[in-house]
Amino acid sequence: MTADLVSVRGVHRRFGSGPASVHALRDVSFDVAAGTMVALVGRSGSGKTTLLNVVGGLDRPDEGTVVVDGTEVTALDDDGLSDLRRSRVAYVFQTFGLIPVMTAAENVGVPLRLARVPTVERERRVELLLDLVGLADHAAQRPDELSGGQQQRVAVARALAASPRLLIADEPTGQLDAETGLSVMALLRGVVESEGVTVLVSTHDPVMMELADRVLRMHDGQVSC
Amino acid sequence: MIRPALHRPSVRGRARADAGPLLLVAAVVAVVTLLAGAAPPLLRATADDAVRDAARTAGRDGDVLAHARWEYDDAPDGGRIRAPRLAEDVDDFRERATEALDPGLRAVLRPPVAVVTSPTLKVTEGTAPRTFRLAYLVDGRGPHSQTRVTWVAGSPPAPSVPPERESLTVPYGGPPWPVQIGLSEVDAAELGVRPGDRIPLVDEFRRAKDVQVSGVFRAEDSGDPTWRLAPWLLRPVAGADGVGTTRLGGLLSPGSLPDARLAFDQDELDRAVRFSPEPGALDSGTAEAVTGTLVTLKATSGASSVQDTSLKWETQLDLVLREVQTRVNAASAQASVLLAAVLTGAVLVLLLAADLLARRRTQPLAAARQRGTGLPDLAAELLVESAAVALVAAGVGLALARLVAPGVSWWWAVPVALAAAAAGPGFGTLHAARATRDRRAPANRAARRWLAQTRQLRGAAVEVAVLVAAAAALVALHQRGILPAPAGGAAGPWSTSDGEAALPSSAPALGAVAGALALLRLLPAGTRAALRWALRSRRPLAAFGAARAAATASHALPPLAMVAAAALAAFALTLGATADRGLADGAWRTVGADARLDANPAAGVDMRALAGRVAASPGVRQAVAAQVVDGARVTTESALVTPRLVVVDAAAFRRLLATTPLPDAPDLARLGPAGPGGVPALVRSGDGSLRPGMRLRLPRDGDAEAVPLTAVGTAPAVGGTGDVVVVDAAALTAAGVPVVPNTVWVTGPGTARAVAAGTDGVDTVLRAGVLHERRGAPLTAGLLRLAWTSAAVLLALGLLGLALGAAEGAPERWQTLSRLRTLGLRLREARWVAAGELLPPVAVAAIGGPLLGVLLAYLTAGPLALRVVVGAEGDPPVAVPWWGIAPLAAAFLAAVAVVVPVEAAVRRRRRLGEVLRAGAG
Ligand SMILES: Nc1ncnc2c1ncn2[C@@H]1O[C@H](COP(=O)(O)OP(=O)(O)OP(=O)(O)O)[C@@H](O)[C@H]1O
Ligand SMILES: [Mg+2]
């Protein structure tokens with residue numbers, strides 16, 4: 001596949017105003033080809049999270065455009081962004097972001113519920129996804145009854161539930177030990193292969209970078225290849 | 001002992017960071033201490049008013065009366081000696097009676113009036129039965145005939161013997177001794193006599209009396225209370241001596257008093273000294289002492305059989321005061337119940353606020369712990385803060401209370417201030433201790449289950465304790481009632497703040513907490529069921545809302561505060577509404593219609609014609625004329641009773657009753673023309689002295705034979721709760737008794753307008769006016785105001801509980817919602833989910849709370865003795881104020897509609913990207 005799934009052009013993001021303001025993203029432009037796994041690396045505070053938020057529509061840039069899967073994200077209103085997240089962009093967070101009051105299976109089912117997928121189909125897909133991430137036996141457990149790695153795998157399964165085109169993962173292995181982190185990374189890599197999802201992932205870990213098709217380096221709010 | 005080290009900067013810093021919640025706590029403490037501090041003294045002031053009111057309106061029941069026989073005036077060798085200084089003798093008697101009074105009692109009585117009255121005589125001329133009495137009145141300003149009447153014709157009564165013979169001896173058995181009297185203009189006209197004329201009078205043994213009119217007078221002030229003792233001196237009084245009779249009176253002067261003595265037998269002339277209470281000198285404190293003195297006075301007063309001139313005391317004032325004292329006690333007890341309810345609501349909300357504050361501070365407190373601050377030090381720091389807040393706020397509340405009330409009650413402010421001071425450090429150290437303990441739930445399922453079970457057991461133990469306390473309080477309330485034990489006599493208000501009364505008066509409050517706990521026991525099960533349903537349904541929002549609700553359902557404090565406050569607010573509303581309904585019913589019973597027109601007997605208004613005219617006015621449904629005679633003498637086979645006799649067209653009366661909420665009296669249909677047993681009558685009596693089936697006789701004046709009556713059924717209550725006999729007007733007329741209606745009852749929406757113009761000689765009593773007056777009576781008004789205020793404060797506390805509960809859950813709720821937002825949930829949908837989470841406990845509070853409150857009102861209405869305050873014989877039926885309960889429920893539901901958008905707006909500025917940054921979220 002050669003078409004670009006993500007296209008970022010001239011994006012600026014500043015926080016605050018006046019002398020105390022932080023210029024977190026400075027004229028960032030890059031493209032991500034569909035069906036690839038791109039790693040975003042850079043020192044802490046270089047702007048990785050800010051960039052991922054802007055790409056996924058969780059944050060708005062001050063300047064510039066972001067196009068995801070042919071939709072200009074930066075032009076969408078609040079509901080449009082919600083629809084985008086519902087169907088085409090999914091997140092995996094460093095802090096997992098699971099719903100504490102729901103079981104693993106219910107968590108995975110959330111995007112399907114939002115998409116109003118019929119119950120039977122939803123249950124089948126949840127089973128499939130939990131199987132995919134190797135948690136078929138833990139379907140009925142709540143997040144606080146799962147280990148960190150298990151939680152992150154539930155988060156990956158949930159991110160994949162609605163079959164998004166783009167999966168954004170912000171330091172998904174940040175809170176995991178090296179081995180567990182690697183298994184989650186490998187899971188993401190596998191997903192790219194099997195589901196054809198495009199993955200944009202930020203990380204500090206050099207080992208992870210090797211799994212990526214391409215590495216984008218961030219420095220002081222700017223991206224270099 | 002190690003003194004805990006206070007780190008002042010941390011105390012100050014924390015207080016500054018959480019100024020909002022601390023101010024809120026302060027506001028709650030201030031408002032509740034204001035109410036709790038002001039209500040008792042306000043009620044005490046109204047109790048004083050009530051005592052004065054009772055003394056003022058008691059009429060002759062409030063008077064203290066001393067009787068004494070005259071010294072015999074027999075001459076040693078037969079005959080009776082005329083005593084020319086008899087008026088001075090009466091003055092001495094007045095002095096003697098005054099002196100005999102306990103100074104404390106004298107201080108609350110007005111200067112006395114001495115009154116000398118003759119037995120009732122009959123006027124032998126004229127068709128209508130008329131009676132006559134002679135009277136001599138004297139108060140501190142001198143005899144009446146000299147100082148306070150104007151002689152419009154003739155002259156004041158003079159001695160019937162010249163001065164040189166003033167002390168003559170009159171032989172026994174001589175002709176009637178002549179005596180001069182003065183007549184009022186109205187009485188003179190009624191008798192058709194002029195100065196110099198003699199009034200044809202006989203006594204009960206038909207012995208003629210020689211009574212000559214010396215002059216005709218006009219009272220300078222007919223409103224002077226002295227005349228109250230002998231109103232017939234001023235104008236004819238109907239019914240005083242039986243049905244259809246009119247009593248008139250002749251005024252004696254100091255000069256003619258000795259002649260009056262000779263005109264009657266030795267003991268026939270009654271002399272009495274009458275003291276009326278001075279309402280202004282009474283208050284609820286002195287009332288108790290006065291009651292005691294009166295009881296002693298009556299008990300030690302000489303037996304009536306003793307033939308001497310000692311004073312014999314007679315009064316109902318002690319009963320009047322005891323009755324009002326009972327009302328005061330009941331009102332204070334009811335006020336305690338309401339205040340206990342408000343305090344309970346306030347304490348729950350304060351606990352909730354402290355919990356919220358502690359949760360907000362978990363992190364800084366845990367950090368302080370990690371820096372090495374010990375738990376006791378932490379607790380001390382928090383105690384300094386909360387005690388300062390509580391004391392300052394309570395001080396402000398009490399100061400405000402002092403501004404609006406004549407005093408301040410500390411007693412009730414203490415629990416609020418204590419709760420506010422203790423809850424902060426309590427929850428704070430608890431949360432800090434928990435935060436620094438290893439919080440990870442044990443991985444082992446069995447261990448986790450064991451932990452959960454101990455927690456549940458602890459909770460259940462608390463609930464059982466509350467339940468037992470509530471049950472004990474309810475039982476105590478039912479067994480001993482809310483009023484102080486009668487053995488304790490007339491206790492002063494608020495003197496029962498001892499533990500004995502505390503349990504019963506907190507019964508509704510404890511009941512509300514116990515009931516709320518029971519309701520909340522069902523909440524988790526309910527939300528779990530809802531969650532199961534929602535998860536199966538295809539509505540995503542329902543599923544998310546229910547999931548959150550199920551997660552928070554076990555957190556009991558916020559819904560507990562809400563449900564208990566809603567229940568107690570509904571309870572206060574129901575209590576007020578029930579009392580109000582009792583007043584309204586009472587006004588119906590007293591007036592008997594929308595308006596009652598009472599004829600002034602002297603005016604000679606044709607009430608039947610008046611009824612006809614009123615009935616023709618627009619908006620009048622019924623106007624029925626009747627003759628109502630109070631204290632009519634009716635004899636049964638064995639006794640003389642004095643019921644209220646009502647002579648009325650039975651069919652019209654029944655139609656009238658049908659247009660009122662008063663109970664129907666189907667037996668009225670049985671009234672009609674006289675049968676073989678006599679004229680049919682309906683009877684009603686409190687003590688069973690009049691029963692259906694009895695044969696009665698209605699004695700008539702003069703030679704006419706008594707009218708036989710047969711009690712054929714039960715009479716409706718007419719104008720109160722006393723004994724009643726109802727007879728059909730046509731039947732009584734047919735039996736030869738003239739019927740002269742003196743009352744007209746009017747019903748219908750146009751009543752007020754129809755009777756507004758008024759008629760000369762007719763007093764109009766409007767039901768609305770009576771009701772207005774009773775609602776405004778000091779104790780009643782005070783209690784109603786307290787009930788409405790308590791309901792409002794409790795509603796506010798309930799809503800505050802809702803807001804605090806929402807604030808407590810908000811961080812977790814919006815964290816979940818943000819996570820759902822990253823999955824594509826729209827903001828609008830997020831609000832619905834938030835509402836869905838908040839709704840279950842709020843719905844329980846909005847619906848279950850008021851129902852619980854009404855149930856508590858049903859359970860406690862009887863023992864709370866509302867009847868005493870309302871002045872009804874029986875307990876007024878519980879009135880459920882739907883007009884107040886529906887808005888109460890709506891307020892809770894509407895509050896959710898306010899809280900959710902506010903929460904969303906507060907978080908709107910925080911972008912999703914920030915919410916989910918590492919560590920946040
Ligand atoms: N809400 C905000 N207000 C002010 N400055 C912000 C805000 N969010 C981010 N920044 C600043 O923007 C810059 C980029 O932050 P960002 O979180 O994107 O870095 P990062 O590369 O993700 O770091 P890390 O690897 O530690 O996660 C930082 O200097 C940060 O301080
Ligand atoms: Mg980051």
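Domain bounds here come from an automatic or database domain assignment. With that in hand, the C-alpha centres of domain 1 and domain 2 of chain A lie 23 Å apart, while 35 Å separate the C-alpha centres of domain 1 and domain 2 of chain B. This is a predicted model, where local features need pLDDT of at least 70, side-chain atom pairs count only at pLDDT 80 or more, and totals for chains, interfaces and linings use all residues. Residues are numbered from 1 along each chain as its sequence is written, chains are lettered from A and ligands numbered from 1 in the order in which they are written, and side-chain values use heavy atoms, with hydrogens and water left out.

**Chain A overall**

- Chain A has seven helices and ten strands; helices (H or I, at least four residues) and strands (E, at least two) are DSSP runs, numbered from the N terminus.
- The radius of gyration of chain A is 17 Å, which agrees with the value near 17 Å for a compact globule of 225 residues. That radius is taken over C-alpha atoms, and the globule rule is 2.2 Å times the number of residues to the power 0.38.
- The C-alpha trace of chain A spans about 50 × 40 × 35 Å along its principal axes.
- Of the 225 residues in chain A, 55% are buried. Buried means under 20% relative accessible area, exposed over 50%, and partly exposed in between (1.4 Å probe, protein chains only).
- About 9000 Å² of chain A is exposed, with 48% of it supplied by carbon and sulfur atoms; these areas come from the Shrake-Rupley method with a 1.4 Å probe, and for residues only the protein chains shown count as cover.
- Chain A carries 22 positive and 30 negative charges, and their mean positions are 3 Å apart. Lys and Arg count as positive and Asp and Glu as negative, with His and the chain ends not counted; the place of a charge is NZ of Lys, CZ of Arg, CG of Asp or CD of Glu.

**Domains and contacts in chain A**

- Domain 1 of chain A is made of two pieces, 4-88 + 164-224, and domain 2 covers 103-163.
- Where the two meet, 14 residues of domain 1 of chain A are in contact with 13 residues of domain 2 of chain A; contact means heavy atoms within 4.5 Å.
- Among contacts in chain A between residues at least 6 apart in sequence, those joining residues at least 24 apart make up 70%.
- Val223(A) sits in strand S10 (residues 222-224) of chain A. Its C-alpha atom is 7.8 Å from that of Phe30(A), although the two are 193 residues apart along the chain.
- Setting aside neighbours within four places in sequence, Val223(A) is in contact with Val28(A), Leu51(A), Leu216(A), Arg217(A) and Met218(A).

**Chain B overall**

- Chain B has 27 helices and 26 strands. Its radius of gyration is 38 Å, well over the 29 Å that the globule rule gives for 921 residues, so chain B is more spread out than a compact globule.
- Along its principal axes, the C-alpha trace of chain B spans about 125 × 65 × 45 Å.
- Buried residues account for 52% of the 921 residues in chain B.
- The accessible surface of chain B is about 40000 Å², and 58% of that belongs to carbon and sulfur atoms.
- Chain B has 96 positive and 79 negative side chains, with the centres of the two sets 21 Å apart.
- The domain assignment of chain B gives domain 1 (59-280) and domain 2 (606-758).

**Arg261(B) and Trp70(B)**

- Arg261(B) is in helix H7 (residues 257-263) of chain B and is buried, at 5% relative accessibility.
- Trp70(B) is in the loop between strand S1 (64-67) and strand S2 (80-81) of chain B and is also buried, at 3%.
- The C-alpha atoms of Trp70(B) and Arg261(B) are 9.6 Å apart, with their positions 191 residues apart along the chain.
- Not counting residues up to four places away in sequence, Arg261(B) touches residues including Trp70(B), Glu71(B), Asp73(B) and Arg80(B).

**Positive phi**

- Most residues other than glycine have a negative phi.
- Phe96(A) has a positive phi of about 70 degrees and is buried at 8%.
- Arg206(B) has a positive phi of about 60 degrees and is exposed at 55%.
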